[in-house]
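Reader: I'd like a close look at one part of this model, please: the open space in it. Take me through that slowly, and then show me how the rest of the chain is put together.

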Amino acid sequence: MASSSDKKLCEGLEHLRLADKCMKTSFFKWKPDLDGAADEYAKAATAFKNAKALEQAKESYIKAAETQKAMNSPFHAAKSYEQAGLLCKENKEYDNAVKLMELAALMFQEHGTPDTAALCLEKAAKMVEQVHPGKAIMLYKKACEVGECEDRPRQSAEAIGKAARLLVKENRFDEAIECLKKEIGYYAEVEGYAQIRKLVMGIILIHLHQEDFVAADQFFRSALSFPEFGYSEEGGVLQDLLKAYDDGDDDAVRTTLSLPLFKYMDNSFSKLARDMKVPIGLGGGSGSKSPMGTNSSSGPAEDNEDEFPDGLC
């Protein structure tokens with residue numbers, strides 16, 4: 001007695017036969033029956049999928065997509081390409097999966113549903129984050145561009161933010177900072193100031209991780225232009241962190257970084273906070289003023305008796 005899987009396999013083959021019949025022309029049938037063929041290809045794909053014949057299911061979905069595309073039905077073509085891409089992922093054919101998901105996104109855009117197109121690209125990026133992080137970053141950036149073209153700043157912010165966090169994990173810090181600044185720009189458009197404060201924290205952590213106090217301090221000062229940032233909890237702890245770092249006070253740095261605001265950040269940033277090291281002998285050696293506006297030198301008071309109160313010689 002044939003198993004359920006064998007029955008489904010035979011069912012899929014029969015639907016393929018009917019699809020091929022729909023595509024044939026003759027003396028009395030000048031045009032192929034695209035609608036009928038697309039329906040049969042889709043049914044074949046479902047049958048093969050249920051039979052666990054994933055390769056045949058994928059090929060059937062692709063044929064369905066190509067037929068639907070020829071029918072000028074981009075939405076249905078997009079759904080078929082997407083299903084084919086998901087099957088490739090199951091087979092660990094990641095390159096083919098990404099290619100098919102990009103085709104699906106293109107069809108969604110053509111249909112006039114850019115939000116679905118962006119989500120499709122993000123889904124593709126998620127597929128390959130672990131195996132091809134560079135490709136995932138590229139896909140997140142493409143999703144961001146789709147949102148930007150359609151004037152959807154919040155959607156763009158979410159996509160570029162995912163790229164930024166992956167760049168941090170990959171230690172591509174300069175690129176990460178650029179993406180985070182773009183994310184801030186998108187949130188500024190929608191007055192998402194709570195999100196902006198968290199992003200400012202992330203950028204300053206990256207600068208300090210790179211032992212670039214000057215860049216961190218300058219960015220903190222520029223962030224003071226955001227509404228209420230200077231009076232926020234984030235602004236206060238960042239001020240404490242920068243002063244402790246500039247003073248070379250490792251204990252104070254560790255105490256500040258152990259606060260919940262840092263501890264419960266996204267994993268990529270909380271790891272930077274956990275691994276932060278204050279350069280030995282920093283002790284205000286940057287020569288800059290701390291963000292609190294006082295001289296950061298830790299030298300004896302008598303060494304500075306000829307200086308003006310504001311720290312300028």
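Author: Let's start with what a pocket is here. On a 1 Å grid over the protein atoms alone, it is an open set of points with protein on both sides within 12 Å along at least five of seven lines. Its volume is the space filled by probe spheres set on those points. Rolling a probe the size of a water molecule over the atoms shows where empty space is left. Keep in mind that the model is predicted.

On to the pocket itself. The largest one holds about 220 Å³ of space. Its lining is made of 16 residues, and those lying nearest the centre are Arg 165, Glu 183, Lys 198, Leu 199 and Asp 266. Four elements give two or more residues to that lining: helix 8 (153-169), helix 9 (173-189), helix 10 (193-209) and helix 14 (260-263). Helix 8 supplies the largest share, with 5 residues. Sorted by class, the lining comes out as 8 nonpolar, 2 polar and 6 charged residues.

Now step back to the whole chain. There are 15 helices and 0 strands in it. Of its 313 residues, 44% are buried. If you take the contacts between residues at least 6 apart in sequence, 57% of them join residues at least 24 apart.

A good way to see parts of the chain meeting is through its aromatic rings. The structure has 3 aromatic pairs. In one of them, the ring centres of Phe 75 and Phe 108 sit 5.8 Å apart with the planes at 65°, and because an angle over 60 degrees counts as edge-to-face, that is the label this pair gets. Phe 75 belongs to helix 4 (residues 74-90) and Phe 108 to helix 5 (residues 94-111), so the pair ties together parts 33 residues apart in sequence. The two rings don't share the same surroundings: Phe 75 has 31% relative accessibility and counts as partly exposed, while Phe 108, at 1%, counts as buried.

Another pair, Phe 213 with Tyr 245, is stacked, at 6.3 Å centre to centre and 5° between the planes. It links distant parts of the chain as well, with Phe 213 in helix 11 (residues 213-223) and Tyr 245 in helix 12 (residues 233-246), 32 residues apart. Buried is anything under 20% relative accessible area, so Phe 213 makes the cut at 4%, and so does Tyr 245 at 1%.

Stay in helix 11 for a moment, since Asp 217 is found there too. Asp 217 is buried, with a relative accessible area of 5%. Its side chain isn't without a partner: a polar contact of 3.0 Å joins it to the side chain of Arg 221.

Last stop, helix 1 (residues 4-23), which is where Met 23 sits. Met 23 counts as partly exposed, at 33% relative accessibility. Leaving aside residues up to four places away in sequence, Met 23 touches Pro 32, Leu 34, Ala 37 and Tyr 41. Take Ala 37 from that list: it is 14 residues from Met 23 along the chain, and the two C-alpha atoms are separated by 6.3 Å.

Methods. Residues numbered from 1 in each chain as written. Predicted model: local features only at pLDDT ≥ 70, side-chain atom pairs only at ≥ 80, totals over all residues. Heavy atoms only, no water. Phe/Tyr/Trp six-rings, centres within 6.5 Å; stacked < 30°, edge-to-face > 60°. Buried < 20%, exposed > 50% of the residue type's maximum accessible area, 1.4 Å probe, protein only. Polar contact = N/O pair within 3.5 Å; in protein donor to acceptor, adjacent residues only side chain to side chain. 1 Å grid on protein atoms, 1.4 Å probe; cavity = no way out; pocket = protein on both sides within 12 Å on 5 of 7 lines; lining within 4 Å. Nonpolar A, V, L, I, M, F, W, Y, C, P; charged D, E, K, R; others polar. Contact = heavy atoms within 4.5 Å.
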